[in-house]
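Welcome! Here are a few exercises to work through with the structure open beside you. Try each task yourself before you read its solution.

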Amino acid sequence: MFHHQSAPDVTDLPTGAYLVRRKLSSIEGFLVYDASDTMVYHFKGHLAFPGARWSMLDAGGTEVATLARPAMHVHPTFTVDRPGRSEVTIRKAGFAPLAQSWRIEGAEDGDIDLHGDLLNHEFTFERAGRTVGTTTRRWISVTDAYAVQATAMDPVLAIAAAVGVDGVMTEHDR
C-alpha cells in the first residue's frame, strides 16, 4: 500500500477514481494515485512572477498539463493547458461562502460547472445538467486526501481542476 504517512485505503475507490494526496502544504506537493495504489501523476511548481505556474507530470515525468494562475483577477481564475487539446479557463463563478461554484470554460465537450462544498472537497462536475465527475472525501479516511472520479470527462482535466481549486482555496485560507 501507500509508502507515506497515514496511508489511506484505496480499495474503497470506485472504478475510474483517483486519490489526490497533499504531501506538503502547497500545490507542488500533490501526488495522484490510481485504485491499484500506483502513483500516476504529481505536480511540480515553477517560479513565476506575477502569478503562479505548475506542471502536472505523469509517472514517467512527461508533462500532461500546465496550470497557470494570473496574479490579478476579480474572480479567482486559472488556466489548464494540455498538449494537443484546447486551453481551458477555470474561474470562480460565485461568492457564496459554503456552496461555491466554479466553471470550466472551453472544454472539448462543452463547459463544465463545479458545484458543492469545495472547501471540503465534496463537489460534482456537471455538463448541461448531467454529472460527469465527482470529488469527495467519503471514500478516504485521512484529511489531506480526496478522491476524484471522472465518469464522462477527461480525467487529467478533472484532476487538474480539483487540484487548482484546492490550491486557490488553501491560498485563500492563509
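**Exercise 1. The overall layout**

In what order do the elements of the protein chain run from the N terminus on?

Solution. Keep in mind that this is a predicted model. Start by counting: the protein chain has one helix and twelve strands. Next, follow the chain from the N terminus, and the order reads β-β-β-β-β-β-β-β-β-β-β-β-α. Finally, look at burial: 48% of the 174 residues of the protein chain count as buried.

**Exercise 2. Strand S2 and its partners**

Find strand S2, then work out which strands it pairs with and where its side chains point.

Solution. Step one: S2 covers residues 30-33. Step two: look to strand S1 (residues 17-22), which runs antiparallel to S2 and is joined to it by four bridges. Here Arg21 stands opposite Leu31. Step three: turn to strand S3 (residues 39-46), also antiparallel to S2, with three bridges between them. Tyr33 has Met39 in S3 as its bridge partner. S2 and S3 make a hairpin with five residues between them, and in that turn Asp37 has a positive phi of about 70 degrees.

Step four: follow the side chains. In a regular strand they alternate between the two faces of the sheet. In S2, Phe30 and Val32 point one way, while Leu31 and Tyr33 point the other way, and all are buried.

**Exercise 3. An aromatic pair between strands**

How far apart, centre to centre, are the rings of Tyr18 and Tyr41, and how many degrees lie between their planes?

Solution. The structure holds four aromatic pairs. In the pair of Tyr18 and Tyr41, the distance is 6.5 Å centre to centre and the planes make 50 degrees, which is a tilted arrangement. Now place the two residues: Tyr18 lies in strand S1 and Tyr41 in strand S3, so the pair ties together parts that are 23 residues apart in sequence. Then check burial, for which the cut-off is under 20% relative accessible area. Tyr18 has 17% and is buried; Tyr41, at 14%, counts as buried too.

**Exercise 4. The nonpolar cores**

Which residues have the most contacts inside the largest nonpolar core?

Solution. This core has 39 residues, and those with the most contacts inside it are Met56, Val80, Ile104, Phe125, Met153 and Ile159. Helix H1 (residues 155-173) gives the most to this core, with eleven residues. Apart from it lies another core of seven residues, including Leu13, Ala17, Leu19 and Tyr33.

While you are at the helix, pick out Val163, which lies in H1. Val163 is buried, with a relative accessible area of 0%. Leu67 is 96 residues away from Val163 along the chain, yet their C-alpha atoms are separated by 9.5 Å.

**Exercise 5. A buried arginine**

Why does Arg127 have no salt bridge, and which atoms lie by its side chain?

Solution. First, locate Arg127 in strand S10 (residues 122-127). Arg127 is buried, and the nearest side chain of opposite charge, Asp109, is 4.3 Å away. A salt bridge needs the two groups within 4 Å, so this pair does not qualify. Next, look at the backbone instead. The backbone oxygen of Asp109 lies 3.2 Å from a polar atom of the side chain of Arg127. Another backbone oxygen, that of Ala152, lies 3.3 Å from a polar atom of the Arg127 side chain.

Technical notes:
Residues are numbered from 1 along each chain as its sequence is written. This is a predicted model: local features need pLDDT of at least 70, side-chain atom pairs count only at pLDDT 80 or more; totals for chains, interfaces and linings use all residues. Side-chain values use heavy atoms; hydrogens and water are left out. Buried means under 20% relative accessible area, exposed over 50%, partly exposed in between (1.4 Å probe, protein chains only). Two strands pair if DSSP finds at least two bridges between them. A nonpolar core is a set of buried Ala, Val, Leu, Ile, Met, Phe, Trp, Tyr and Cys residues joined through side-chain atoms within 4.5 Å. Rings of Phe, Tyr and Trp (its six-membered ring) pair if their centres lie within 6.5 Å; planes under 30 degrees apart count as stacked, over 60 as edge-to-face and the rest as tilted. Lys and Arg count as positive and Asp and Glu as negative; His and the chain ends are not counted. A polar contact is a pair of N or O atoms within 3.5 Å; within protein, one must be able to donate a hydrogen and the other to accept it, and residues adjacent in sequence count only if both atoms are side-chain atoms.
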